Number of protein chains: 2
Amino acid sequence: MNDLNSLMKNRRSIRSYTNERIPVDVTNKVISAAYFAPSAARRYGFDIVVVEDSLLKDQIKTICEQGERTWVHSRPNEVKDSILQLPGFSFQKNFLTDAPVLLIITTNPNHPNIPYPIESCWLAIAYMILEIENSGLGTLTYTPSICLTNRRHELNEVLKIPIDDHIQVILPMGYYDVKLEHKESHVERKVHHNTYGTPYFK
Amino acid sequence: MNDLNSLMKNRRSIRSYTNERIPVDVTNKVISAAYFAPSAARRYGFDIVVVEDSLLKDQIKTICEQGERTWVHSRPNEVKDSILQLPGFSFQKNFLTDAPVLLIITTNPNHPNIPYPIESCWLAIAYMILEIENSGLGTLTYTPSICLTNRRHELNEVLKIPIDDHIQVILPMGYYDVKLEHKESHVERKVHHNTYGTPYFK
């Protein structure tokens, strides 16, 4: 398969979705991709909540927007400024209600019998992101900042998620009209040969 | 691209490698895949050490094997037993010297200006794993247990990795003779509809 590389390269974060519905077998294919990812001790120590209900999406949007305003304004000034200047950043999270499906991935990072829960989760999230792209849909790797605070229970309560489970990501999923071009990353200096500090790319 | 799904599905962890060399452009393609992954605030807050040196691989193997014996034997009995019964588990880590290339991915989980370092790292690791599979090579998501202990500096020192950077994974990469069949995961109960506890798959 030669075009895995172009599939990876052409993926961009999508923040604006059309209201076109997603066929259920497409959603199911994205979900099944999560379970093809490697998972520590084959435990698949994460849950997926598939949100399609409009009222729930409204509530999620309100909580995420309020939580993010509070969190960002509590940061030191230089951190706050750097967040506000991120490409595409806005306190308005319209993608949470525009996208027909939200995939919410949770894990209990302190579970005594699940090794590497965060790591396994994010391998599965990468698989889902690629399957979304492969299906001609868009997504965004949205990490609600309210989940970094002591108000994270608000999202859990709306979704009835056990409080020990932490929301890792909300992946809005939908069709879109506009996608930006591929953007080069220049990170060759972060690749080392044999020992750290010896450039791999001469 | 229809076969992303079968690429994902057919990947299996590989623990035994042939001594066939890997063309440099294949290694470079795998490295470049890491930088196509989404990364929080586009920071790519990880480093990759590409180890090909035989003496270094010997040292890594010795440290990982000793560290794992110590770590496993320090676990409570029931945890120790479950580790020893994991499919493919052995204290011998021959893959660390047999595989022609080891890709070691590190990040500083406490860096003040890199958001979500672990999460971004593991998205990149998933991309590399898929590009390795796509190149007809095998890998294993190997997380050295010595990195969970206060002896993790031993690996960092051999590789000259700054002590604030934590090794997340060692991906051995190489050709192989034997690969197991796809193994089904039965995790439908972990997919919920709208709210947690309502099964998505009826």
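In the predicted model, B:Leu103 finds its bridge partner in β4(B), namely B:Leu171. This pair belongs to a longer ladder: β2(B) and strand β4 (residues 166-174) of chain B are joined antiparallel over 7 bridges. β2(B) also has a partner in β1(B), again with antiparallel strands, and here 6 bridges make the connection. One of the residue pairs involved is B:Asp47 with B:Thr106, the latter lying in β2(B).

With β1(B) and β4(B) as its pairing partners, how enclosed is β2(B) by the rest of the structure? Of its 7 residues, 7 are buried, so the strand is largely enclosed. The burial extends to both faces: one side presents B:Val101, B:Leu103, B:Ile105 and B:Thr107, while B:Leu102, B:Ile104 and B:Thr106 occupy the other, and all of them are buried.

Attention now turns to a helix that β2(B) helps to cover. Helix α3 of chain B comprises 20 residues (54-73), and because each residue should add 1.5 Å, a span of 28 Å is expected; the end C-alpha atoms lie 29 Å apart, in agreement with that value. Its buried residues are B:Lys57, B:Ile60, B:Ile63, B:Cys64, B:Gly67 and B:Glu68. These residues share the same side of α3(B), because the arc they cover around the axis is only 130°. Which elements cover that buried set? Among them are β1 (46-51), α5 (95-98), β2 (101-107) and α7 (153-159), which belong to chain B. On the face of α3(B) turned away from the buried side, the exposed residues are B:Ser54, B:Leu55, B:Asp58 and B:His73.

Methods:
Residues are numbered from 1 along each chain as its sequence is written. Chains are lettered from A and ligands numbered from 1 in the order in which they are written. This is a predicted model: local features need pLDDT of at least 70, side-chain atom pairs count only at pLDDT 80 or more; totals for chains, interfaces and linings use all residues. Helices (H or I, at least four residues) and strands (E, at least two) are DSSP runs, numbered from the N terminus. The expected span of a helix is 1.5 Å times one less than its number of residues. A residue is buried if 20 or more other C-beta atoms lie within 10 Å of its own, exposed if 12 or fewer, and partly exposed in between; C-beta atoms are placed from the backbone. The arc is that of the directions from the helix axis to the C-beta atoms. Two residues are in contact if their C-beta atoms, placed from the backbone, lie within 7 Å. Two strands pair if DSSP finds at least two bridges between them.
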